[in-house]
Amino acid sequence: MKRHIFLARCAAALPLLFFLSTPINAHEAWLLSPAEIEALSQAPVPELFRSPVWLGLAATVGFALTLAALGLEPVLGRLEDRAIQPIWKRYGDVGPLVLRLGLAAMTLLAAFGGLPRHGTEAWTVSTFLVPDMQLTDVSGASILIGAQAMLAVFLIAGLATRACGVILIALSLAGPVIFGPSFWSYTPHFAAPGLILVALGAGRLSCDHVLNTDIGAYTAAPLRQILWRMSHILIGAGFVYLGFAYKLMQPTLLIAILERGDMPTFGIQMPVIALIMTGVEILCGALLIMGRLVRPVALAILGAITFLAITLGETPLFHANLYGALLVVLLAGRTVPIAHRVPGIQWARAV
Amino acid sequence: MLRVFLNRLGLAPCVIALMLGTLVIAAPIVNAKGGPPRTVFLVLPDIIAPPTVQVRADALGGGRYRLYLDTRNFAFTDICVLEAEAAPIGHAHIHVDGAKVASAFFPVIDIGPLDPGAHHIDVVLRGQDHRALIAQGAMVQGHTRLVVPDRPI
């Protein structure tokens, strides 16, 4: 099979991930049973996460591996360019399509309660972007439900896509105002896909392209690059924060959830696995913020969240925003081509 | 050659080293306090009288049961918030055989129909943000056991 056909099929098959996992579960605290919660309440923080010596050693190993990877960046870059060459001209079509459909699925299901918090019956309680944020007793809930549903319709159609990106950014910023500071852990990973949509538009498979209504198609290249970099920074910052606040500082919760999912340990102790996961998340986030090793990092995170989704039996729909955003990042890399709809594309290397 | 390598790395190593160093210092300080993860648990101050809950079940027929939650030092409310204060106010999560089946915002709630056989009912008191309450180092919970007859009464 020719490589470009294989790669194109891989990209086309990515949405199938959404249907691979049967139960609607998330790796969230709410799925733990009373017995597991009681055990968790008494679980001591592993020595690995309390000892400056062990953490220092782990940080040194992580630092050394990151340095090695950074040293190989030019070699990896050439490999990436070669591997992605057959399909990169279509990144502006395939990437935004997957991102749009993923975001549309999330917002539509959230609007009608199809992605409920664990323990809540499906289609009974509307949520705001993510299962944890229930729209019960929220003033203006009907407006938010309507906004999410309309956003989904426009995203599916690929109509006014750049405006949809702006609305998604606005919704992600409204979250902390409506639900409090806890929403800040979600904001970067919804604002970033919004920025990507603003920067790239809907792509060829959209009403915007057919009707020629993409008013931002010829946005100044520097502005597009700025939006693109900002999206990377937001995705990375989100991972650094989540790794720090939820994994490094609450390791027993991560371990309980991994144990519940019967994740294969390959003989490695669970605290070590939890620390590796934490380190990978934080380092990948930091590299994205700095715009280094962008494609390998995107691939690593995509692989990690896919592995977790399958082993923990959760629906990838909970992370459709990240799947879409990281796929576009994987395809396009650190910089986006100038005016991707114009023939004779030139890469704008910002390095 | 070393200079080429260092130029290739740029400022990234300094930034990553600074970040990792900060985490290595901060994490042991925070984790040294121990305690349950704050995402799941709401720890009540020791000066507050610890809430308790006892569970009683009455058969309603057809495999359905009415649970009476006898609580002390706890107030039920149907108002949920995202970040609750450490106070004995909230609701209860009802679990049957380890699976959550309902949230009780009042001290009386009906559950079922349950399948014939023995069932273990767990009631866990939760704060207004759904976090499990911990009072004086222990979760606030009650249990009861039901045996549903083959021919439900």
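Select B:Asn73 to begin the tour of this predicted model: at 43% relative accessibility, the residue counts as partly exposed. Its place is the loop that runs between strand S3 (64-72) and strand S4 (75-76) of chain B, and although B:Asn73 is not a glycine, its phi is positive, at about 55°.

Stay with chain B and move to the loop between strand S7 (108-111) and S8, where B:Pro113 is found. The peptide bond to look for here joins B:Gly112 and B:Pro113, and this bond is cis, with an omega of about 5°.

Next, bring both chains into view and colour them separately. The contact between them involves 45 residues of chain B and 48 residues of chain A, and the area buried between the two chains is about 3700 Å², with carbon and sulfur atoms giving 70% of that area. Selecting B:Ile16, B:Asn31 and B:Leu82 picks out the three residues that supply 16% of the area chain B buries against chain A, which is more than any other three residues supply. What kinds of polar pairing does the rule find across this interface? Six residue pairs are in polar contact, both residues at pLDDT 80 or more, whereas the number of salt bridges found between chain B and chain A is zero. To see which elements of chain B are involved, highlight helix H1 (2-9), helix H2 (12-32), strand S8 (117-127), strand S9 (132-135) and strand S10 (138-139), each of which gives two or more residues to the side that touches chain A. Of the elements on that side of chain B, H2(B) gives the most, with 15 residues.

A residue of chain A that meets chain B is A:Thr252, which has B:Pro37 among its contacts. Selecting A:Thr252 takes you to helix H13 (residues 251-260) of chain A, where this threonine is buried, with a relative accessible area of 7%. Setting aside neighbours within four places in sequence, its contacts in chain A are A:Leu40, A:Ala43, A:Pro44, A:Val45 and A:Pro46.

Now select helix H8 (residues 141-157) of chain A, whose 17 residues reach 24 Å from the first C-alpha to the last, close to the 24 Å expected at 1.5 Å a residue. Which residues of H8(A) are buried? They are A:Ala141, A:Leu144, A:Gln148, A:Ala149, A:Leu151, A:Ala152 and A:Leu155. These residues lie on the same side of H8(A), because they cover an arc of only 160° around the axis. Turn the view to the face of the helix directed away from this buried side, and you will find the exposed residues A:Ser142 and A:Ile143. The cover over the buried residues includes helix H7 (91-111), strand S1 (127-128), helix H9 (161-179) and helix H10 (187-200) of chain A. Just after H8(A) comes A:Gly158, which has a positive phi near 70°.

From S1, step into the loop that lies between this strand and strand S2 (130-134) of chain A, where A:Leu129 is found. Its phi is near 65°, a positive value in a residue other than glycine, and at 2% relative accessibility A:Leu129 counts as buried.

The last stops are salt bridges, of which a search of the whole structure finds ten over all chains. Begin with A:Arg50 and A:Glu47, whose side chains meet at 3.4 Å, N to O; these residues are three apart in helix H4 (residues 47-50) of chain A, and so are separated by about one helical turn. A:Arg50 is partly exposed at 34% relative accessible area, and A:Glu47 is partly exposed at 44%.

Then select A:Arg295 and A:Asp81, which form a salt bridge at 3.3 Å, N to O. This pair links distant parts of the chain, with A:Arg295 in helix H15 (residues 294-312) and A:Asp81 in helix H6 (residues 73-88), 214 residues apart. A:Arg295 counts as buried at 6% relative accessibility, whereas A:Asp81 is partly exposed at 29%. Add A:Glu80 to the selection, and you have the three residues that are linked in a network of salt bridges.

Finish with A:Glu281 and A:Lys247, whose salt bridge brings its closest N and O atoms to 2.7 Å apart. A:Glu281 lies in helix H14 (residues 270-290) and A:Lys247 in helix H12 (residues 221-248) of chain A, so the pair ties together parts 34 residues apart in sequence. Both partners count as buried, A:Glu281 at 13% relative accessibility and A:Lys247 at 16%.

How values were computed. Residues numbered from 1 in each chain as written. Chains lettered and ligands numbered in written order. Heavy atoms only, no water. Helix = DSSP H or I, 4+ residues; strand = E, 2+ residues; numbered from the N terminus. Expected span 1.5 Å × (residues − 1). Buried < 20%, exposed > 50% of the residue type's maximum accessible area, 1.4 Å probe, protein only. Arc of directions from axis to C-beta. Contact = heavy atoms within 4.5 Å. Buried area = accessible area lost by both parts, 1.4 Å probe. Salt bridge = Lys/Arg side-chain N within 4 Å of Asp/Glu carboxyl O. Polar contact = N/O pair within 3.5 Å; in protein donor to acceptor, adjacent residues only side chain to side chain.
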